Amino acid sequence: VGLAALGSFVYTLRRIFGAPAAFLSAGVLLTSPMFFFLTRQVMPDGIFIAFLMMAMSFTALSLFDEEDRTLHMVVAYVCAALAVLAKGPLALVLIGGSLAFYFVVAAAVNFRTSSNRLTEARHLLFGKLKLHWGVPLVLLLTLPWYVYNAVNFDIFLERLSYDYLDR
């Protein structure tokens, strides 16, 4: 999974910035001690980070590259759903927060130059990010996690308390 995350990272950077920047960034990431140790441990954090990294890479590719937008967003939404299954709804919070930050910055940059902000926002949300079918896809893929937690609500509250509040 770590190699897949690294591969999606290199693929995205190569498409957006070119091969030298992609391979230099991959070298920096590979020599990072946190990435090295996290990908060699058996714990959900490594899998979570890998799927989160792949989801964000393909989302960035969809936002900044004009080709293969639908395929990139399918992969991004599937990886986001797998990140939710690996660690819980924290993945949706991190992805949503990152995209919200991007929207705020993009709106601030384009505030004076854009004449029709509503059309531009609609194009970004439904044209580039494909939210109209992406959100139902993520919900459909993460349904087993939510069904399990609905059936075992006491275990869910215990895990929620330990994983998100007590640490």
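**Exercise 1. Where in α8 does a kink of about 50° lie, and shortly before which proline?**

Before we start, a word on what you're looking at. This is a predicted model, where local features need pLDDT of at least 70 and side-chain atom pairs count only at pLDDT 80 or more, while totals for chains, interfaces and linings use all residues. Residues are numbered from 1 along each chain as its sequence is written, and side-chain values use heavy atoms, with hydrogens and water left out.

*Solution.*
- Step 1: find the helix. α8 covers residues 131-151, 21 residues in total. Helices here are DSSP runs of H or I with at least four residues, strands are E runs of at least two, and both are numbered from the N terminus.
- Step 2: check its span. First C-alpha to last, α8 reaches 29 Å, close to the 30 Å expected at 1.5 Å a residue (that is, 1.5 Å times one less than the number of residues).
- Step 3: look for the bend, the angle between axes fitted to the seven residues ending at a position and the seven starting there. The kink sits at Thr-142, and the proline that follows shortly after is Pro-144.
- Step 4: pick out the inward-facing set. Gly-134, Val-138, Thr-142, Trp-145 and Asn-149 are the buried residues of α8, buried meaning under 20% relative accessible area, exposed over 50% and partly exposed in between (1.4 Å probe, protein chains only).
- Step 5: recall the geometry. With 3.6 residues a turn in an α-helix, residues three or four places apart point the same way.

**Exercise 2. Is Thr-59 buried or exposed, and which residues is it in contact with beyond four places in sequence?**

*Solution.*
- Step 1: place Thr-59 in helix α4, residues 44-64.
- Step 2: read its accessibility. The relative value is 6%, so Thr-59 counts as buried.
- Step 3: see what its side chain does. It reaches the backbone oxygen of Ala-55 at 2.7 Å.
- Step 4: list the contacts (heavy atoms within 4.5 Å). Skipping neighbours up to four places off, Thr-59 meets Met-73, Ala-76, Leu-99 and Leu-129.
- Step 5: try another residue of α4, Met-53. Met-53 is buried too, because its relative accessible area is 16%, and its contacts outside the four-place window are Ala-5, Phe-9, Leu-29 and Phe-35.

**Exercise 3. Work out the surroundings of Leu-129 and the backbone of Lys-130.**

*Solution.*
- Step 1: Leu-129 is in the loop between α7 (117-128) and α8, and Lys-130 is in the loop between α7 and α8 as well.
- Step 2: Leu-129 is buried because its relative accessible area is 3%; for Lys-130 the figure is 15%, so Lys-130 is buried too.
- Step 3: go round Leu-129. Residues up to four places away aside, it touches Thr-59, Leu-63, Met-73, Tyr-77, Leu-99, Phe-103 and Leu-124.
- Step 4: turn to phi. Most residues other than glycine have a negative phi. Lys-130 has a positive one, near 55°.

**Exercise 4. Which residues do ring pairs link into a cluster?**

*Solution.*
- Step 1: search the whole structure, which gives four aromatic pairs. Rings of Phe, Tyr and Trp (its six-membered ring) pair if their centres lie within 6.5 Å; planes under 30 degrees apart are stacked, over 60 edge-to-face, the rest tilted.
- Step 2: one of them is Phe-64 with Tyr-102, edge-to-face at 5.7 Å centre to centre and 90° between the planes.
- Step 3: Phe-64 belongs to α4 and Tyr-102 to α6 (residues 90-109), so this pair ties together parts 38 residues apart in sequence.
- Step 4: Tyr-102 also pairs with Phe-103, tilted this time, at 5.9 Å and 55° between the planes.
- Step 5: put the pairs together and you have the cluster of Phe-64, Tyr-102 and Phe-103.
- Step 6: check exposure. Phe-64 is partly exposed at 48%, Tyr-102 is partly exposed at 24%, and Phe-103 is partly exposed at 24%.

**Exercise 5. Zoom out: how many helices and strands does the protein have, and which helix has the lowest mean pLDDT?**

*Solution.*
- Step 1: count the elements: nine helices, zero strands.
- Step 2: take the extent. The C-alpha trace spans about 50 × 40 × 30 Å along its principal axes.
- Step 3: look at burial and contacts. Of the 167 residues, 34% are buried. Among contacts between residues at least 6 apart in sequence, 69% join residues at least 24 apart.
- Step 4: finish with pLDDT, the predictor's confidence in each residue from 0 to 100. The average is 82, and 91% of the residues score at least 70. Among the elements, α9 (residues 153-166) has the lowest mean, 73, and α5 (residues 69-87) the highest, 90.

Conventions:
A polar contact is a pair of N or O atoms within 3.5 Å; within protein, one must be able to donate a hydrogen and the other to accept it, and residues adjacent in sequence count only if both atoms are side-chain atoms.
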